[in-house]
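Please look through the structure shown below before reading the report that follows.

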Amino acid sequence: MQFFIEVLLGGLLSGVMYSFVALGFVLIYKASGVFNFAQGAMVFAAALTFVGFQEMGLPFPAALLAAFAVMVVLGIVTERVVLRPLVNQPPITLFMATIGLTYVIEGLAQGVWGANVRGLELGIEDVPVQWLMDSTGIGVSTFDLFGAGVAALLVTLLALFFQYTRIGRALRAVADDHQAALSIGIPLQTIWRIVWAVAGFVALVAGLIWGARNGVSFSLTFTALKALPVLILGGFTSIPGAIVGGLIIGSTEKLAEVYLGEYVGGGIDSWFPYVMALAFLLVRPEGLFGEKHIDRV
Amino acid sequence: MLYREAGQFKTSYAADQQIFPIRQDRIGILIILAIAFFAVPMLFSEYWLKAILIPFLIFSLAALGLNILTGYAGQLSLGSAAFMAVGAFASYNFMLRVDGMPILLAFIGGGLAAAAVGIAFGLPSLRIKGFYLAVATLAAQFFIVWLLTKVGWFSNYSSSGVITAQDMEILGYRFVTPEAKYLLVLAIVVVLALLAKNMVRSSVGRAWMAVRDMDVAAEVIGIRIMHTKLLAFAVSSFYCGVAGALYAFAYIGTVEPEGFSLDLSFKILFMIIIGGVGSISGAFLGAAFIVLLPIALDVIVQQWLAGVLPPSVSSNLQLIVFGGLIIFFLIVEPHGLARLWQIGKEKLRLWPFPH
């Protein structure tokens with residue numbers, strides 16, 4: 001039982017990390033209907049930029065700000081160069097454009113900062129929490145707890161931003177109905193720029209947490225593949241969905257790996273989340289929290 | 001002037017319904033086929049046949065398969081490489097385990113196995129739509145590759161799932177030289193392409209397009225959704241499966257499951273987007289573009305920039321240019337290269353007059 005709880009908690013906490021990346025997808029999809037495959041590359045680019053600035057001798061806050069600035073510029077340039085000429089194209093074309101964007105971002109990031117693996121130090125140790133270990137015998141990593149805390153903070157901030165600021169209201173209006181938002185004078189393109197910048201910020205946070213965990217390397221781009229099942233499980237348009245989906249995927253993935261993995265030869269974490277998400281989709285085709293889609297002829 | 005169909009009257013239904021109703025198209029296709037069958041094997045070097053033309057044809061076939069599913073039936077799939085893997089491994093096992101199996105039957109068997117797997121993974125499409133379905137097809141991609149790696153039986157218990165394709169032999173003739181392999185692949189691709197062209201202009205193809213444009217409306221007018229969607233998955237996977245078998249037997253020789261990665265799926269998707277969604281010729285144009293582009297970039301970078309740039313920079317530069325060109329093409333011509341050809345035809349019809 002103790003072991004079960006330990007695995008479950010570990011899974012839930014790693015699920016939080018998936019949620020980070022899924023969050024970036026949701027923000028952009030909600031506001032512009034673009035399925036942004038480049039989110040994984042953005043996570044990689046953000047982490048690499050941060051580490052690169054640190055290596056240049058910048059202190060932590062300055063490097064953070066500089067990396068954020070780079071991500072904002074990236075978002076604005078993307079809006080201007082890629083999205084604006086593709087307005088009104090079918091979603092699949094926009095999706096392919098973001099895959100092209102993935103290559104560009106990966107090439108740019110590695111071209112500027114180099115391709116070798118780096119470590120990223122946030123100053124938090126990856127050790128079990130001592131008092132919890134002593135009292136119940138369950139090992140929970142401090143680092144994972146920190147990640148979960150950051151996620152909670154980030155989601156709260158985003159929720160406040162969406163709920164109480166002028167821009168946030170405009171964002172929700174755009175997400176609701178592009179045409180209506182335009183007709184009451186909300187500048188669509190400005191909103192898209194802001195959304196891409198916010199997604200860049202989320203990518204930066206995700207990159208820092210993932211990078212500190214596994215090192216900053218090209219494999220960070222594969223976080224996008226981890227986030228996709230989370231995304232369809234939670235629904236493309238729901239921020240709470242991204243969090244809940246992450247928790248479900250993270251926990252079931254770890255439990256399946258531990259309890260089922262040995263019977264089928266291991267390595268099932270590459271596909272298990274997808275099959276899991278697929279099973280959920282068969283019951284709820286728009287994900288757990290996605291908008292119900294009504295077909296009209 | 002050159003491309004004017006004035007004066008070509010159709011006096012029978014058969015003439016009206018033939019596959020290429022315009023005389024210039026018929027002549028054009030015959031010329032292209034003649035060049036492909038006779039001139040190309042004589043003129044091109046072994047390297048070109050082996051490293052460029054054979055993969056081009058194989059990828060065209062895979063793109064054709066995906067185009068049937070995505071372009072005609074409107075079901076976005078990111079798992080085409082996995083269906084290629086099924087085709088490759090199934091053909092290998094047919095050759096291995098059935099004595100005296102003819103190679104062509106093994107290819108068809110590989111295609112049918114892929115079709116069966118395709119139907120299984122197409123079942124969710126009855127309930128899930130759009131990007132949700134696209135992500136769901138990733139389940140096929142990862143699961144199939146994992147299964148082929150883990151279950152030793154599929155690769156005859158070789159280490160890490162690598163298989164070595166058997167020799168191809170038809171009626172005692174062994175296809176060993178690149179020319180022979182090229183002609184075999186070409187013949188298979190031409191037959192399947194003609195089949196596809198006929199399929200999409202028959203009632204089956206029209207049902208696919210109706211489902212693509214609006215599946216609820218299609219259902220209302222009496223098209224059987226389940227039947228139509230699953231048929232699209234089956235046919236598409238069959239094409240991908242045969243392409244995978246050819247990939248293993250005629251191109252690479254030794255393949256492992258990991259070779260059929262997500263990257264390959266994306267590549268095939270790129271081919272149909274760049275070539276033109278929902279067009280047969282688009283699959284060929286897109287495959288040519290995606291196969292040739294990296295090679296061209298390679299040549300350019302190596303010849304002109306070799307001394308100037310260190311290799312790490314030039315490989316990143318290739319990534320950037322590749323991605324940039326894809327975005328550029330999508331912006332300039334979102335309907336793909338096939339559309340450019342259409343526009344060209346309109347121009348040719350009037351040329352040299354302005355109206």
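## Annotated spans

In an unreviewed UniProt entry, the annotation "transmembrane region" covers residues 7–28, 60–78, 138–162, 191–210, 230–251 and 263–283 of chain A; UniProt positions follow the numbering used here, feature names are shortened, and annotations may be inferred rather than shown by experiment. This is a predicted model, in which local features need pLDDT of at least 70 and side-chain atom pairs count only at pLDDT 80 or more, while totals for chains, interfaces and linings use all residues. Residues are numbered from 1 along each chain as its sequence is written, and chains are lettered from A and ligands numbered from 1 in the order in which they are written.

## Helices

Chain A has 13 helices and 0 strands, where helices (H or I, at least four residues) and strands (E, at least two) are DSSP runs numbered from the N terminus. Residues 7–28 of chain A are 100% helix, with end C-alpha atoms 32 Å apart, and residues 191–210 of chain A are also 100% helix, with 28 Å between the end C-alpha atoms.

## Burial and core

In chain A, 48% of the 297 residues count as buried, meaning that 20 or more other C-beta atoms, placed from the backbone, lie within 10 Å of the residue's own. The largest nonpolar core (buried Ala, Val, Leu, Ile, Met, Phe, Trp, Tyr and Cys residues joined through C-beta atoms within 7 Å) has 209 residues, and those touching the most other members are A:V195, A:L231, B:A62, B:A85 and B:L246. Helix α9 (residues 188–214) of chain A gives the most to this core, with 18 residues.

Definitions and conventions:
Buried ≥ 20, exposed ≤ 12 C-beta atoms within 10 Å, placed from the backbone.
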